[in-house]
Amino acid sequence: MMDAGIMEGEGGIDGIRMTWNSWPTTKLDANKIVIPIATSISPIKSHSDIQILPYIPLRCKTCSCILNPFSRVDFSVKIWICPFCFHRNQFPPHYSPTISDINLPAELYPHFTTVEYSFPSQIPSCPVFLFVLDSCIINEELEFVKSAIKQAITLLPDNALVGFVSFGAQVQVHELGFSDLSKVYVFRGNKEFSKEEVLDQLGLSSFGQRGIVPPKAAGNSIDHQLNNNNNVVSINRFLLPASDCQYALDLVLDELQPDQWPAETGHRALRCTGVALNVAAGLVGACLPGTGARIIALVGGPCTEGPGTIVSKELSEPIRSHKDLAKDAAPHFYKAVKFYENLSKQLVSQGHVLDLFASALDQVGVAEMKVVVEKTGGLVVLAESFGHPVFKDSFKRIFEDGEQSLGLSFNGTFEVNCSKDIKIQGIIGPCTSLEKKGSSCADTVIGQGNTTSWKLCGLDRSTSLTVFFDISPTSERLNSLETSNSQFYLQFQTNYQNPEGQQRLRVTTVARKWVDSTANPEELLEGFDQETAAVVMARLTSLKMEEELTKPTFLSNEINIHIWHEVSATFCARKTSGLGTKNVAVFIALNQMENLVPFDMNIECYIEEGFDATRWLDRSLIRLCSRFGDYRKDDPSSFILNPSISIFPEFMFNLRRSQFIQVFNNSPDETAYFRMLLNRENVTNAVVMIQPSLIAYSFSAPPAPALLDVASIAADRILLLDSYFSVVVFHGLTIAQWRNMGYQNEPEHKAFSLLLEAPHEEAKLIIKDRFPVPRLVVCDQHGSQARFLLAKLNPSATYNTVQDVADGSDIIFTDDVSLQVFFEHLQRLAVQS
């Protein structure tokens, strides 16, 4: 069985959860277990048992791994042996006199598999917050967002630097250093500016070469970081400490009006979002290298001007949909994505973050901006309005401290070291490859690969990364497995700047064991983490679906070919016998090139999405159940799953129906938003996104978990659904009628009043601890908003099975199969010979 520490909470002190906690010994066996070998890690997850060590870590001279509890120590000669490369390292003089088997440094204690090193000699740097506000919104919305910014300034640390940029048809960079007279630098909205051009126009070109910080941020160190006092004056025109700029910024916000640039009838407002972010990146690029900075973009509509445009100015042209992207009918999409890819490279090189707060009823371009937000580790919030609680509460959360703090950190790097039989395929998550190649890089790449080190411009306590591994065993290790259960080791090093500006290095080292999966499949299954596996499959599937969009249409898509001429049909049937659909398409295309098939063949092609996510998930699940299920061949009734894997099919059933796979009825912006949060949240939160939790409240029993099934609906029951993005309080028909009659206000019905309050109190607790803040939906049975609940339930009762519905329950109008039917098909296919 797995150690208790491995599965404690969200990975215990290490913040690590693996799909397989015991790994197969060969590459062939690794392919047979179907589910990828992957690790989900929260690099700076807070934990009370993590030791802070105020000294420099000891590194192996060969592989740079850090001293850890799995290092073997020879106390007689004062050396330690690295468990990764087996190099013998001498302890430094300040360790040698005192170290012994009863006097160990903290990093050698067995239960300190995660430690954090602090470097107190380094001077803390101050963070930079640059607000970029869209002024092409109605006055009511503008007042909401101005109020939110004013509140945020009061919550910032006094030494935090603050700047302000507004944009509409043009970009305005506001000077905050001279409050007696407003001064604005204007940039054209239809032109892309380089970093040098931005600094030159702002009068910071010489400053940009040297880089400075304000005196209040660095204290006595300012003499070492400045060339002359004029540099301080230059940067303080745009970036001022929060304690000094509040009055000036309040004046600027009070004077700010909705963009006055006229929009013609039948045209959208001119909005140059791309140029505004481009200018903002140039401005924060003037900061001293290593200074953590966040560009906080508050966007209220689509970009229609300049680079980053997602739709034309004419209202007659609709904003791109999933159907348009699939048919390559979104003329602005790829150009905008390319622009934001280049912007992400600039921000990553500077170590700065882009946060996106999009509040509009229409799309604003989250799908295009996804690349820059994700690669810089930024936060993203999608709401209907700047006055909606989803925006207001989420925006406030990023500036709060104490228990509600997100622990926003800056300028991180993440490095993975592993035993020599293990290769790193890549990472899915909010990071960027540093292209540090080495012998540990695998041939196959998943996500950000071909490296052992990644940049994390922004990260917080809940940031999660999924690291994929491959197995490349050596003959020596295979021979050693015959005599003992040898272990392997993984070490994760996260270097980052914490919210106080201090540099920290967190080191997590874990050990797992090799298992011969052919001889001992039960032992392998004991280490299977079903929740982590479901999350990894969701992230991998989402990645495959996104990568499909970037492939060229020709030969990358699955093509259904309808051949009308009988001769051509006969020819193709004879030549392509045994080929799959995609191979048939490739065969015909290649043979047309070689004039083997005449071009005037009457062939009608329908291009569909090349990667069928649902089919891929189904096939993976069938292979997994066939591999680890207990059954007699061709006898579905004999099929039994090991408890270690028994709930995984239900996860896959809900994943198939989730917003990550089924994009119908969601815009590209919404899909991008859902997938970004899936990729960055920890396993516990991601599981709720895939398979929501449901709690039932009634008079007859205390609150208890309920099946995620339409049968859980009852007239005298209240249901609380948590799907991560929304929290739904659903009242049964009878409960709703009693509430509407006001029974809860009568003293003799105190129990009913408490019943109504209970789910709302639980919902408040869920909302309080979550970022982004979920949408709260309060609805009644048969009401219009009941769809938020019904869409997540298993359709065990539909319009085809009305006769089987219990009194007071409900039905779902859908043709989707139920979980029972899904599992019956799975049993039948898994046991086939």
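Here is a short tour of one sheet, two nonpolar cores and one annotated stretch. The model is predicted, so please read what follows with that in mind. Its largest nonpolar core has 130 residues, and one open sheet is built from five strands.

**The five-stranded sheet**
- The strand order is 29-28-30-31-32, with mixed pairing.
- Strand 29 (704–705) and strand 32 (775–780) are the edge strands; each has a single partner strand, so one side of each lacks a neighbour in the sheet.
- Strand 28 (residues 693–697) and strand 30 (residues 718–722) run antiparallel and are joined by five bridges.
- Ile-695 has Leu-720 of strand 30 as its bridge partner.
- Packed on the sheet is helix 24 (residues 733–740), which touches strand 30, strand 31 (726–731) and strand 32. The direction of helix 24 makes about 80 degrees with that of strand 31.

**The nonpolar cores**
- Within the core of 130 residues, the ones with the most contacts are Trp-20, Trp-23, Phe-414, Phe-469, Leu-490, Phe-492 and Phe-648.
- Helix 10 (residues 273–284) gives the most to this core, contributing eight residues.
- Leaving aside residues up to four places away in sequence, Trp-20 touches Ile-33, Ile-35, Pro-36, Ile-37, Leu-524, Leu-525, Gly-527, Phe-528 and Phe-628.
- A second, separate core has 37 residues, among them Phe-129, Leu-133, Val-252 and Leu-406.

**The annotated stretch**
- An unreviewed UniProt entry places the feature "domain: Zinc finger Sec23/Sec24-type" at residues 57–95.
- In the model, residues 57–95 are 0% helix and 23% strand, and the C-alpha atoms at the two ends lie 12 Å apart.

Conventions. Residues are numbered from 1 along each chain as its sequence is written. This is a predicted model: local features need pLDDT of at least 70, side-chain atom pairs count only at pLDDT 80 or more; totals for chains, interfaces and linings use all residues. Side-chain values use heavy atoms; hydrogens and water are left out. Two strands pair if DSSP finds at least two bridges between them. Helices (H or I, at least four residues) and strands (E, at least two) are DSSP runs, numbered from the N terminus. Contact means heavy atoms within 4.5 Å. Axes are lines fitted to C-alpha atoms, for helices over the stretch in contact, and angles run from 0 to 180 degrees between N-to-C directions. A nonpolar core is a set of buried Ala, Val, Leu, Ile, Met, Phe, Trp, Tyr and Cys residues joined through side-chain atoms within 4.5 Å. Buried means under 20% relative accessible area, exposed over 50%, partly exposed in between (1.4 Å probe, protein chains only). UniProt positions are given in the numbering used here, feature names are shortened, and annotations may be inferred rather than shown by experiment.
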